Amino acid sequence: MSPSDDIPMEKKLITLPYEVLSPDELSPADLALVEEARQATFRSYAPYSHFSVGAAILLDNGVTVPGSNQENAAYPSGTCAERSACFFAHARYPEARFLKIAIAARTTDGEFIDEPVAPCGSCRQALLEYETLAARPVEVLLVGRERIFRIPSVASLLPFSFSEFK
Ligand code: THU
(Lines give C-alpha, C1' and ligand atoms only; values in the text may rest on other atoms or scores of the structure.)
Protein backbone atom coordinates (compact mmCIF):
# COMPACT_ATOMS: atom_id res chain seq x y z
CA MET A 1 0.00 0.00 0.00
CA SER A 2 1.50 3.35 -0.98
CA PRO A 3 0.99 6.45 1.21
CA SER A 4 -1.33 8.02 -1.38
CA ASP A 5 -3.74 5.10 -0.99
CA ASP A 6 -4.70 6.51 2.42
CA ILE A 7 -5.91 9.83 1.02
CA PRO A 8 -9.08 9.69 -1.04
CA MET A 9 -8.73 11.66 -4.25
CA GLU A 10 -11.02 14.66 -4.52
CA LYS A 11 -11.90 16.37 -7.75
CA LYS A 12 -12.74 20.04 -7.53
CA LEU A 13 -13.83 22.59 -10.08
CA ILE A 14 -13.36 26.34 -10.12
CA THR A 15 -15.87 28.28 -12.19
CA LEU A 16 -15.85 31.91 -13.24
CA PRO A 17 -19.32 33.35 -13.60
CA TYR A 18 -19.39 36.50 -15.72
CA GLU A 19 -21.86 38.48 -17.78
CA VAL A 20 -21.59 39.46 -21.43
CA LEU A 21 -23.31 42.79 -21.98
CA SER A 22 -23.87 45.25 -24.76
CA PRO A 23 -23.17 48.93 -23.97
CA ASP A 24 -26.89 49.73 -23.78
CA GLU A 25 -27.23 47.26 -20.91
CA LEU A 26 -24.78 49.22 -18.74
CA SER A 27 -25.80 51.83 -16.19
CA PRO A 28 -24.84 55.43 -17.02
CA ALA A 29 -22.14 55.24 -14.31
CA ASP A 30 -20.65 52.07 -15.80
CA LEU A 31 -20.81 53.52 -19.28
CA ALA A 32 -18.91 56.57 -18.04
CA LEU A 33 -16.23 54.32 -16.54
CA VAL A 34 -15.98 52.38 -19.81
CA GLU A 35 -15.60 55.65 -21.70
CA GLU A 36 -12.83 56.77 -19.29
CA ALA A 37 -10.97 53.52 -19.99
CA ARG A 38 -11.37 54.04 -23.73
CA GLN A 39 -10.13 57.63 -23.48
CA ALA A 40 -7.13 56.49 -21.43
CA THR A 41 -5.92 54.41 -24.39
CA PHE A 42 -5.22 57.70 -26.18
CA ARG A 43 -2.70 58.58 -23.45
CA SER A 44 -0.92 55.24 -23.72
CA TYR A 45 2.79 55.31 -24.58
CA ALA A 46 3.25 52.21 -26.69
CA PRO A 47 5.89 52.89 -29.36
CA TYR A 48 7.13 49.29 -29.20
CA SER A 49 4.01 47.13 -29.16
CA HIS A 50 1.65 49.64 -30.82
CA PHE A 51 -1.02 48.24 -28.54
CA SER A 52 -2.71 50.90 -26.44
CA VAL A 53 -4.42 49.82 -23.25
CA GLY A 54 -6.49 52.06 -20.98
CA ALA A 55 -7.88 51.45 -17.53
CA ALA A 56 -10.15 53.46 -15.27
CA ILE A 57 -10.66 52.77 -11.58
CA LEU A 58 -13.69 54.04 -9.70
CA LEU A 59 -12.90 54.81 -6.07
CA ASP A 60 -15.31 55.03 -3.16
CA ASN A 61 -14.56 58.74 -2.83
CA GLY A 62 -16.25 59.24 -6.22
CA VAL A 63 -13.00 59.88 -8.10
CA THR A 64 -12.16 57.95 -11.27
CA VAL A 65 -8.44 57.35 -11.81
CA PRO A 66 -7.27 56.50 -15.32
CA GLY A 67 -4.10 54.71 -16.38
CA SER A 68 -2.49 53.54 -19.59
CA ASN A 69 0.37 51.30 -20.56
CA GLN A 70 3.72 53.09 -20.43
CA GLU A 71 6.40 51.27 -22.37
CA ASN A 72 10.17 51.61 -22.17
CA ALA A 73 13.14 50.96 -24.46
CA ALA A 74 14.15 48.43 -21.81
CA TYR A 75 10.95 46.45 -22.32
CA PRO A 76 10.47 45.00 -18.81
CA SER A 77 10.75 48.50 -17.32
CA GLY A 78 7.43 49.47 -18.87
CA THR A 79 4.14 48.86 -17.15
CA CYS A 80 0.59 47.88 -18.03
CA ALA A 81 -2.42 50.19 -17.94
CA GLU A 82 -3.99 48.41 -14.98
CA ARG A 83 -0.91 48.72 -12.81
CA SER A 84 -0.28 52.34 -13.76
CA ALA A 85 -3.90 53.07 -12.75
CA CYS A 86 -3.94 51.11 -9.50
CA PHE A 87 -0.56 52.31 -8.27
CA PHE A 88 -1.40 55.91 -9.05
CA ALA A 89 -4.84 55.59 -7.47
CA HIS A 90 -3.46 54.31 -4.20
CA ALA A 91 -0.49 56.70 -4.23
CA ARG A 92 -2.80 59.68 -4.77
CA TYR A 93 -5.78 58.59 -2.64
CA PRO A 94 -4.42 56.17 -0.02
CA GLU A 95 -7.59 56.38 2.07
CA ALA A 96 -9.93 55.56 -0.82
CA ARG A 97 -10.99 52.02 -1.64
CA PHE A 98 -11.47 50.55 -5.11
CA LEU A 99 -14.99 49.83 -6.35
CA LYS A 100 -14.58 48.93 -10.02
CA ILE A 101 -12.11 48.88 -12.87
CA ALA A 102 -12.77 49.08 -16.61
CA ILE A 103 -10.13 48.02 -19.15
CA ALA A 104 -10.13 48.83 -22.88
CA ALA A 105 -7.59 48.38 -25.68
CA ARG A 106 -6.96 49.27 -29.31
CA THR A 107 -4.12 49.21 -31.74
CA THR A 108 -2.25 52.51 -31.36
CA ASP A 109 -3.28 53.85 -34.75
CA GLY A 110 -6.46 51.91 -35.14
CA GLU A 111 -9.69 50.56 -33.87
CA PHE A 112 -10.73 49.37 -30.46
CA ILE A 113 -10.29 45.63 -30.32
CA ASP A 114 -13.27 43.40 -31.03
CA GLU A 115 -12.96 41.10 -28.05
CA PRO A 116 -12.26 42.43 -24.56
CA VAL A 117 -8.64 42.23 -23.38
CA ALA A 118 -8.06 40.64 -19.97
CA PRO A 119 -5.46 41.82 -17.45
CA CYS A 120 -2.15 39.95 -17.38
CA GLY A 121 -1.20 37.83 -14.38
CA SER A 122 0.95 40.52 -12.77
CA CYS A 123 -1.88 43.04 -13.01
CA ARG A 124 -4.33 40.56 -11.51
CA GLN A 125 -1.99 40.08 -8.56
CA ALA A 126 -1.48 43.86 -8.18
CA LEU A 127 -5.22 44.56 -8.36
CA LEU A 128 -5.92 41.80 -5.87
CA GLU A 129 -3.93 43.71 -3.26
CA TYR A 130 -6.38 46.60 -3.47
CA GLU A 131 -9.40 44.32 -3.54
CA THR A 132 -8.11 42.73 -0.32
CA LEU A 133 -7.64 46.21 1.17
CA ALA A 134 -11.18 47.14 0.18
CA ALA A 135 -12.47 43.95 1.84
CA ARG A 136 -15.14 43.64 -0.83
CA PRO A 137 -15.23 42.55 -4.46
CA VAL A 138 -13.86 44.95 -7.05
CA GLU A 139 -15.86 44.47 -10.25
CA VAL A 140 -13.90 44.21 -13.50
CA LEU A 141 -15.37 45.45 -16.79
CA LEU A 142 -13.49 44.15 -19.84
CA VAL A 143 -14.37 46.34 -22.77
CA GLY A 144 -14.61 45.06 -26.32
CA ARG A 145 -15.91 47.02 -29.27
CA GLU A 146 -19.47 45.81 -28.91
CA ARG A 147 -19.44 43.57 -25.88
CA ILE A 148 -18.47 44.12 -22.28
CA PHE A 149 -17.59 41.29 -19.92
CA ARG A 150 -18.60 41.98 -16.33
CA ILE A 151 -16.49 39.92 -13.94
CA PRO A 152 -17.59 39.96 -10.31
CA SER A 153 -14.19 40.27 -8.64
CA VAL A 154 -10.44 40.32 -9.16
CA ALA A 155 -10.10 37.19 -7.00
CA SER A 156 -12.29 35.27 -9.41
CA LEU A 157 -9.73 36.04 -12.15
CA LEU A 158 -6.89 34.71 -10.04
CA PRO A 159 -7.66 31.37 -8.41
CA PHE A 160 -4.97 30.09 -6.03
CA SER A 161 -3.50 33.56 -5.74
CA PHE A 162 -0.51 34.31 -3.63
CA SER A 163 -1.22 36.04 -0.34
CA GLU A 164 0.88 37.14 2.60
CA PHE A 165 2.42 34.39 4.70
CA LYS A 166 0.53 33.96 7.94
N1 THU B 1 -0.69 45.48 -21.54
C2 THU B 1 -1.47 46.15 -20.65
O3 THU B 1 -1.38 47.37 -20.52
N4 THU B 1 -2.33 45.43 -19.90
C5 THU B 1 -2.46 44.08 -19.94
O6 THU B 1 -3.19 43.52 -19.15
C7 THU B 1 -1.72 43.30 -20.93
C8 THU B 1 -0.75 44.05 -21.75
C9 THU B 1 0.28 46.23 -22.33
C10 THU B 1 1.71 45.94 -22.02
C11 THU B 1 2.38 46.35 -23.30
O12 THU B 1 2.64 47.74 -23.25
C13 THU B 1 1.34 46.08 -24.37
O14 THU B 1 0.09 45.94 -23.69
C15 THU B 1 1.59 44.85 -25.20
O16 THU B 1 1.76 43.74 -24.40
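In the predicted model, the shell around the ligand draws at least two residues from each of two secondary-structure elements, strand 2 (51-59) and helix 2 (81-92). The residues that surround the ligand are Ser49, Phe51, Val53, Asn69, Glu71, Cys80, Ala81, Glu82, Ala118, Pro119 and Cys120. Sorted by class, this shell comprises seven nonpolar, two polar and two charged residues.

Polar contacts to the ligand involve both side-chain and backbone atoms of the protein. At Glu71, an N or O atom of the side chain lies 2.4 Å from an oxygen atom of the ligand. At Ala81, a polar backbone atom is found 2.9 Å from a ligand oxygen atom. Cys120 likewise contributes a polar backbone atom, with a distance of 3.0 Å to an oxygen atom of the ligand. Taken on its own, the ligand has 370 Å² of accessible area, of which the protein covers 75%.

The site of the ligand is the largest pocket of the model. The volume of this pocket is about 290 Å³. Its lining consists of 19 residues, and those closest to the pocket centre are Ser49, Asn69, Glu71, Thr79 and Cys80. Among these, Ser49, Asn69, Glu71 and Cys80 also belong to the residues that surround the ligand. The side chain of Glu71, listed among the residues closest to the centre, is the one that places an N or O atom 2.4 Å from a ligand oxygen atom.

The lining of the largest pocket divides into 11 nonpolar, six polar and two charged residues. Strand 2 and helix 2 each supply at least two residues of this lining, and each of the two elements also provides at least two residues of the shell around the ligand.

With regard to the overall architecture, the protein chain contains three helices and six strands. Read from the N terminus, the order of the elements is β-α-β-β-α-β-α-β-β. The C-alpha trace of the chain extends over about 65 × 40 × 35 Å along its principal axes.

Note on methods. Residues numbered from 1 in each chain as written. Predicted model: local features only at pLDDT ≥ 70, side-chain atom pairs only at ≥ 80, totals over all residues. Heavy atoms only, no water. Near = heavy atom within 4 Å. Polar contact = N/O pair within 3.5 Å; in protein donor to acceptor, adjacent residues only side chain to side chain. Areas by Shrake-Rupley, 256 points an atom, 1.4 Å probe, with all protein chains shown as cover. 1 Å grid on protein atoms, 1.4 Å probe; cavity = no way out; pocket = protein on both sides within 12 Å on 5 of 7 lines; lining within 4 Å. Sits in = over half its atoms within 2 Å of the grid points. Helix = DSSP H or I, 4+ residues; strand = E, 2+ residues; numbered from the N terminus. Nonpolar A, V, L, I, M, F, W, Y, C, P; charged D, E, K, R; others polar. Points joined across faces, edges and corners; volume = space filled by probe spheres on them.
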